[in-house]
Amino acid sequence: MAVAINITCIRVGLLEELQRKGVIVVSGPYCPIAVFWHNGQIYAVDNRCPHMGFPLHKGSVQDGILTCPWHHARFDLSCGCTFDLWADDVPSFPIEVRDGEVFVLVPTFEIERIRTHWLRRLREGIEHGLDLIIAKAVIHLLHSGVDYRELVRIGADLGTRFRNSWASGMTILTAMANLVPLLPAEEAMRAIYHGLSHVANDIQGQSTRRERQPLEGSTATFEQLKRWLRHWTLVRHRDGSERCLLTAIANGATPMEVADLLFTAATDRPFADGGHLFDFCNKAMELLDLIGWEFASQVLPTLMTQLVSSRGGEENSPWRYPIDLVELLRDAEDKLPEWLKEGRKRRSDAQASMPIPQLAQSLLNDEPKEILVALEEATKSGMKPIELSKALCYAAALRIAKFGQSNEFGDWITVLHTFSYCNAVHQTLKRFGDDVPAEVVRSVWHGAMAVYLDRFLNIPPEPLPGERKPLDDLPTESRELLRAILDACDKTGQDLLVAALTARYLQLSHPIEPLVATLAHCVLREDADFHTFQMLEAGVRQFLEWGLTDEGNHILIATARYISAHAPTQRASEQTFKIALRLHRGEELYEEAS
């Protein structure tokens, strides 16, 4: 409970003066205060309309209702509470009359009171889909030192409580939360705002999720539950799948065991739902890393809809004809445990394995059988599963970096799906360390076939920046390069220029943090779609895997090019965020700029 630690007594004036004027405005310790005389009573409220800061003393009062004249937000004058949730409540203050003089008593409260208020408002903003309220709450809470993971926890609670399945907003929220430690404060606020806003959009009009229960009293072993879950997934039985998952969690399965259970079932269908299924499973596990494993039984069941309904490669013509890729994959999967065993032995004998960039180039081969042979040889030579997936991510990033100009715009999504899937595979394999189940490692093989199927999007391949033409005519100073990137993203069709500017920045060894922040801003100022948020996060995280190497630079160039190709947009979200930010700074939005 908030505790008053100090009282500031502010003189308003004579009671008869207030009665004559109807309203008097005085300066408070942290806000202007409007004191009203209405129906024989005195009331005092913060003079700033909580919606967009308009002076409330210019409003009208009728039958105890104060109405702001700008957007017509209405408040109960006696307490400041609003009748319009998009406006927020206005703080009210007690009044004291002494010897014909009126005083406002302004208590100074602990910061916890402010945090409690904005945590409540954040939840209401998400529940009612009020972006301005969400933006205000995010800015106030992060500015006051609240851990961003607490905001993510609220979004996750609502996003899983009011959805029967995992939705894109949950992926965006998790992806942006993953980037927060890498971003400047204001960009971090934008990132969390976008994630929570997308969650809010997903839950509008949705009913509360129907909860299922574990198999109460079941003595099934973990291996049994794993077999059952795989069976129920393949026969598309939602209830059976979810109860097996919940039973594993209730019986004390570790996060690693649950990950094994989920990703094994998810990879029974190669590249299911265009890669989204595996990516969603990975994001759900990453979300639990952020908010705590105690939310597992609330978060993970939302994956079950996609798990049982997704179509895999075996149900898609390009994977079966003219070459039956699924048949090739099944044959490799049968042999994979032995290949992994042989690779572990070679690592223990300290024998050298294939270089990761060499494998990545092999994965760009035009013959699927040769790709699978390269993966087999790399595995048997001692390359770790996470090294296989690292090579896979680089190959997928090159498909984006070399995306042909002759392709249709919608084809960008195809290479994005493969890259985001490959990033999810890599992050998942890192979770398991060196002890990855073969059923999960097979996701690398599935990703390799997706990279193969994307080969037509590099016909002809777009050269990497600097390959055909030097970059010497581009700016050299870091700020000028960053500004040029932002300016180029203000126009359509500038993806090759942005890729070149990014390559020039990296070529000159400028600090990497401002470049990452600039690319993030190029996304966060836009009304970006789901896939662009995926690209930003996956691109930055894969760059961090390689660092300032040729491969790492190529990944960041691919990221910059994709982001630029999907800008600009209307930027309505940025307008909302800027309004909230200006209000937080105390700027007066209703005044004309000088």
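What follows walks through the overall make-up of the chain, its two sheets, two helix pairs and two single residues.

This is a predicted model, so to speak of a local feature a pLDDT of at least 70 is needed, side-chain atom pairs count only at pLDDT 80 or more, and totals for chains, interfaces and linings use all residues. Residues are numbered from 1 along each chain as its sequence is written, and side-chain values use heavy atoms, with hydrogens and water left out.

The protein chain holds 25 helices and ten strands; these are DSSP runs numbered from the N terminus, with helices (H or I) of at least four residues and strands (E) of at least two. Along its principal axes, the C-alpha trace spans about 95 × 70 × 40 Å. Of the 594 residues, 57% are buried, where buried is under 20% relative accessible area, exposed is over 50% and partly exposed is in between (1.4 Å probe, protein chains only). Taking the contacts (heavy atoms within 4.5 Å) with a separation of 6 or more, 72% are between residues 24 or more positions apart.

Turning to the sheets, one is open and has four strands in the order E2-E3-E4-E8, paired antiparallel; two strands pair if DSSP finds at least two bridges between them. Its edges are strand E2 (23-27) and E8, each of which pairs on one side only. Strand E3 (residues 32-38) and E4 run antiparallel and are joined by six bridges. Within that pairing, Ala34 sits opposite Val45 of E4, and Val35 has Ala44 of E4 as its bridge partner. The hairpin made by E3 and E4 has two residues between the strands, and there Asn39 takes a positive phi near 50°. On to the E8 side: E4 is linked to strand E8 (residues 92-93) by two bridges, again antiparallel, and Ala44 has Phe93 of E8 as its bridge partner. Strand E4 (residues 41-46) has five of its six residues buried, so it is largely enclosed by the rest of the structure. As a general point, side chains in a regular strand alternate between the two faces of the sheet.

The other sheet described here is also open, with three strands in the order E5-E6-E7 and antiparallel pairing. Strand E5 (60-62) and strand E7 (74-76) form the edges, each pairing on one side only. From one strand to the next, the twist averages 25°. Three bridges hold E5 and strand E6 (residues 65-67) in antiparallel register, with Val61 opposite Leu66 of E6.

Now for the helix pairs. The axes of helix H21 (residues 495-507) and helix H24 (residues 550-565) come within 8 Å and cross at roughly 150°. Axes here are lines fitted to C-alpha atoms, for helices over the stretch in contact, and angles run from 0 to 180 degrees between N-to-C directions. That angle makes H21 roughly antiparallel to H24; the cut-offs are under 35 degrees for roughly parallel, over 145 for roughly antiparallel, 65 to 115 for roughly perpendicular, and oblique for the rest. The crossing of H21 and H24 is right-handed, meaning the near helix is turned clockwise from the far one by less than a right angle, while anticlockwise would be left-handed. On the H21 side, the residues that meet H24 include Leu496, Val498 and Leu506, and their H24 counterparts include Leu556, Ile557 and Ala560. By class, the contact of H21 with H24 has nine nonpolar, three polar and two charged residues. Ala, Val, Leu, Ile, Met, Phe, Trp, Tyr, Cys and Pro count as nonpolar, Asp, Glu, Lys and Arg as charged, and the others, Gly among them, as polar.

H18 and helix H19 (residues 438-453) have axes that come within 10 Å and cross at roughly 160°, and are therefore roughly antiparallel to each other. H18 passes H19 in a left-handed crossing. Among the residues making the contact are Tyr421, Cys422 and Phe432 of H18, along with Val444, His446 and Gly447 of H19. The tally for H18 with H19 is ten nonpolar, five polar and no charged residues.

Two single residues round things off. Arg190 lies in helix H6 (residues 185-203) and is buried, with a relative accessible area of 3%. Not counting residues up to four places away in sequence, Arg190 touches His521, Leu524, Glu574, Phe577 and Lys578. Phe409 is found in the loop between helix H17 (385-401) and helix H18 (412-432). Leaving aside neighbours within four places in sequence, Phe409 is in contact with Ala565 and His566. The C-alpha atoms of Phe409 and His143 are separated by 39 Å, with their positions 266 residues apart along the chain.
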